[in-house]
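Biologist: I'd like a close look at one part of this model, the cysteines, and then whatever else helps me place them. Could you walk me through it?

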Amino acid sequence: YLKISKLALAFAIIHSKPPGKSSKEYTEYLARAVSEQDFGWKWKVEVLEAEVLRLRQELLLNRISPRFCLENRKQDTSAETLLGQESINPTSYSSQLEDSGCDVCNDSAFDSLGIASDFHQSEHDVNTSKHWLEGVPPLNLCHTSKEQSLTAPVHFLQRLLEIRKLSEAGILQADFSELKNDSFTICNSVSQLLDGLTFFYNSPKFPAPSFLTEGICVLLSLITDSKLSNHVLKKCFKKIEEFKKNLIQVILRNRSVNRFQALHSVSQTLGLLGRNNILRNSLISLLLSGVRQFAEKLLQAHQVQSVYDIAQYENIFLLCMILEQLLQNETEESNISSSDYGGEEKIKFLKNLDQVILHLSDEFPLFSLCLWRVSVLLNSGQMQ
């Protein structure tokens, strides 16, 4: 039957082809027309799926806190009415994120990202919450651009975090047991957020767009929050691990001429992820693996006098800087030895490291020094 159908289709194409066109050209034209129709249907499906997710998000928020959703729908009702507070910080959350100013070794810069407020509860949290309530635009998941595909899950997750903060402050009643009944919505939103971040970081820009920093802030806030983190980590931990791996590969594989400023924003993101206690150990293992594998390739190329990837050699120093800073920060904060860091990756990294450094030190003294500094931190927990 299939052979007969194919033969009938071939005869139909031959008989119906317009004059001046060969059967092959006409077949290719028909194939393009059909594929364009398929693309149109795929786009429509994506829009409908986005709309379904948007409705599920609104329904979930409404189940958790009907009052929050009701007040957000009233255009003439301000956040001050809902919260019953008098003082409002004049700087909105989004404007604070326009210039990240972050540095993995600078706590004040770390605070400027808005991350520190997720680790320390204070009156400033409530003030910040009021601005999120006023500043977050309406939910809209109908994708018209890649930027909207990222900002849409950010807005939903911001609202979820907002309800969490207001309920913790005793300002709003919320039932977070609803998350157990609908874990799909929050996990799907986090997955969409990670996909959006990965897309933009694969072609990093300078300066980094503010919505990227905002997305990272929301992600870290979710992971840090005691009531929300379990729902995220149970279903999305592998996705988060893949996101960290992708960021490392973005740094290693970038070969553009003016790449260092753009890659600096990616390294800052990795540094921020490493500041989180839940993500730190796995990130250190990934960085140890990346640096070790490059050192082995460089040693092999040096021994046989073959060419090596100069761009990757230049990029590896960013990973070494991040790794060293994470190990140093952990040692200073916990005041314990870092001998347990990295687990299996630590053993692989330190194995035959002295021989690697010995063979590379003459030709690559700076990289050898970086390897030695990391090894000292792994062995003793402090710089010698």
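Is Cys-320 buried or exposed? And while you're there, take me through the cysteine pairs and the helix packing.

Modeller: Sure, and keep in mind that this is a predicted model. Cys-320 counts as buried, because its relative accessibility is 3% and the cut-off for buried is under 20%. As for disulfides, a search through the whole structure turns up zero. Cys-320 isn't in one: the nearest cysteine sulfur belongs to Cys-370 and sits 4.8 Å away. Cys-187 tells a similar story, with its closest cysteine sulfur in Cys-236, at 4.1 Å. A disulfide needs the two sulfurs within 2.5 Å, so that gap is too far for a bond. Cys-187 is buried too, at a relative accessible area of 9%.

Now for the helix packing. Helix 10 covers residues 183–201, and it packs with helix 8, residues 146–168. Their axes are 9 Å apart and the angle is about 140 degrees. That angle makes helix 8 oblique to helix 10, because roughly antiparallel would take an angle over 145. The crossing of helix 8 past helix 10 is left-handed.

If you want to click through the contact, the helix 8 side includes Leu-150, Pro-153, Val-154, Phe-156, Leu-157 and Leu-160. On the helix 10 side, look for residues including Ile-186, Val-190, Leu-193, Leu-197, Phe-199 and Phe-200. Lys-146 and Glu-147 of helix 8 are in the contact as well, and so are Ser-189, Gln-192 and Gly-196 of helix 10. Sorted by type, the residues of this contact come out as twelve nonpolar, five polar and two charged.

One more residue to look at is Lys-244, in helix 12, which runs over residues 229–253. Lys-244 is a buried lysine, with a relative accessible area of 0%. Setting aside neighbours within four places in sequence, Lys-244 is in contact with Leu-270, Leu-273, Leu-279, Ser-282, Leu-283 and Leu-286.

To zoom out, the protein has 18 helices and zero strands. Buried residues account for 47% of its 384 residues, with Cys-187, Cys-320 and Lys-244 among them. Of the contacts between residues at least 6 apart in sequence, 74% join residues at least 24 apart.

Terms used: Residues numbered from 1 in each chain as written. Predicted model: local features only at pLDDT ≥ 70, side-chain atom pairs only at ≥ 80, totals over all residues. Heavy atoms only, no water. Buried < 20%, exposed > 50% of the residue type's maximum accessible area, 1.4 Å probe, protein only. Axes fitted to C-alpha atoms, helices over the stretch in contact; angles between N-to-C directions. Helix = DSSP H or I, 4+ residues; strand = E, 2+ residues; numbered from the N terminus. Parallel < 35°, antiparallel > 145°, perpendicular 65-115°, else oblique. Left-handed = near helix turned anticlockwise from the far one by under 90°. Contact = heavy atoms within 4.5 Å. Nonpolar A, V, L, I, M, F, W, Y, C, P; charged D, E, K, R; others polar.
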